[in-house]
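Grab a pencil and work through these exercises with the sequence and structure in view. Try each task yourself before you read its solution.

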Amino acid sequence: MRTLRTIAAVVLMLGFVVGSTYGQGGAPKMKVTVPFQFSIGRATLSAGQYLITSLHDRVLVQEVSGRNNVITFTGRLDGKVSEQNSRVIFDCYFGECFLSRVWFSGQEAGHTLSQSKRQVELARKGAGQQLALLGTTKP
């Protein structure tokens with residue numbers, strides 16, 4: 001089990017290195033201020049300002065202060081976004097919010113994130129609500 005954690009940590013760090021390389025090469029980015037705590041997979045992130053970068057089939061979420069970083073695989077959402085409307089969408093249930101979709105302005109498709117076990121569990125208990133936040137494309 002410990003070896004598996006070590007391998008996972010190494011893969012995650014390599015993802016950050018690759019993500020940084022892609023992020024500097026003109027990948028779609030946005031800066032968004034999230035006024036509440038939220039989750040991506042098993043990671044819980046605090047309220048704050050985040051830089052979100054599209055890396056083909058992944059999304060890198062980095063807190064501007066550098067404290068929180070998450071990279072996750074995503075699915076494709078068809079539908080072009082206008083030039084001024086980068087946005088992130090959260091699914092919230094009983095006070096817990098989960099990043100669920102990311103749209104970068106001018107892109108031909110958006111990103112959808114997988115639901116965590118916790119999100120599925122809360123969704124079964126009752127209907128949630130969606131919150132959308134607009135991002136700026138000039139980080």
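The exercises below go from the overall fold to single side chains in this predicted model.

**Exercise 1. Describe the fold of the protein chain and say how much of it is buried.**

Solution.
- Step 1: Start with the elements; the protein chain has 2 helices and 10 strands.
- Step 2: Put them in sequence order, and the pattern reads α-β-β-β-β-β-β-β-β-β-α-β.
- Step 3: Turn to burial: 40% of the 139 residues count as buried.
- Step 4: Look at the contacts with a separation of 6 or more; residues 24 or more positions apart account for 54% of them.
- Step 5: Finish with the surface, where the protein chain exposes about 8300 Å² and carbon and sulfur atoms supply 54% of that area.

**Exercise 2. Decide which element has the lowest mean pLDDT and which has the highest.**

Solution.
- Step 1: Take the chain as a whole; its mean pLDDT is 81, and 76% of the residues reach 70 or more.
- Step 2: Go through the elements: helix H1 (residues 2-23) has the lowest mean, 49, while strand S2 (residues 38-40) has the highest, 95.
- Step 3: Zoom in on residues 17-23, where the pLDDT is below 50. Beyond near neighbours in sequence, this stretch has 10 contacts in the model.
- Step 4: Keep a rule of reading in mind: where pLDDT is low, predicted coordinates should not be read in detail.

**Exercise 3. Find the strands that pair with strand S4 (residues 48-55).**

Solution.
- Step 1: One partner is strand S1 (residues 29-34), which runs antiparallel to S4 and is joined to it by 6 bridges. Here lysine 29 stands opposite threonine 53.
- Step 2: Another partner is strand S5 (residues 58-63), also antiparallel to S4, over 6 bridges. In this pairing, leucine 55 has arginine 58 as its bridge partner.
- Step 3: Check the link between S4 and S5: they form a hairpin with 2 residues between them. Histidine 56, in the turn, has a positive phi of about 60°.
- Step 4: Add burial to the picture: 7 of the 8 residues of S4 are buried.

**Exercise 4. Which residues have the most contacts inside the largest nonpolar core?**

Solution.
- Step 1: This core has 21 residues, and those with the most contacts inside it are Phe38, Ile52, Val88, Phe90, Leu99 and Val102.
- Step 2: Ask which elements give two or more residues to the core: they are S1, S2, S4, S5, strand S7 (87-93) and strand S8 (96-103).
- Step 3: Follow one member, phenylalanine 90, whose contacts include Val34, Phe38, Leu99 and Leu131.
- Step 4: Set this beside a general tendency: in soluble globular proteins, nonpolar side chains tend to be buried together.

**Exercise 5. Classify two of the 4 aromatic pairs.**

Solution.
- Step 1: The ring centres of phenylalanine 38 and phenylalanine 90 are 5.3 Å apart and the planes meet at 70°. Planes over 60 degrees apart count as edge-to-face, so this pair is edge-to-face.
- Step 2: Locate the two rings: phenylalanine 38 is in strand S2 and phenylalanine 90 in strand S7, 52 residues apart.
- Step 3: Phenylalanine 38 is buried at 2% relative accessible area, and phenylalanine 90 is buried at 1%.
- Step 4: For tyrosine 93 and phenylalanine 98, the centres are 6.3 Å apart with planes at 50°, so the pair is tilted.
- Step 5: Tyrosine 93 is buried at 10% relative accessibility, and phenylalanine 98 is buried at 3%.
- Step 6: Lastly, ring pairs link Phe36, Phe38, Tyr50 and Phe90 into a cluster.

Conventions: Residues numbered from 1 in each chain as written. Predicted model: local features only at pLDDT ≥ 70, side-chain atom pairs only at ≥ 80, totals over all residues. Heavy atoms only, no water. Helix = DSSP H or I, 4+ residues; strand = E, 2+ residues; numbered from the N terminus. Buried < 20%, exposed > 50% of the residue type's maximum accessible area, 1.4 Å probe, protein only. Contact = heavy atoms within 4.5 Å. Areas by Shrake-Rupley, 256 points an atom, 1.4 Å probe, with all protein chains shown as cover. pLDDT = per-residue confidence, 0-100. Pairing = 2+ DSSP bridges. Core = buried A, V, L, I, M, F, W, Y, C linked by side-chain atoms within 4.5 Å. Phe/Tyr/Trp six-rings, centres within 6.5 Å; stacked < 30°, edge-to-face > 60°. Lists of a residue's contacts leave out its neighbours within four places in sequence.
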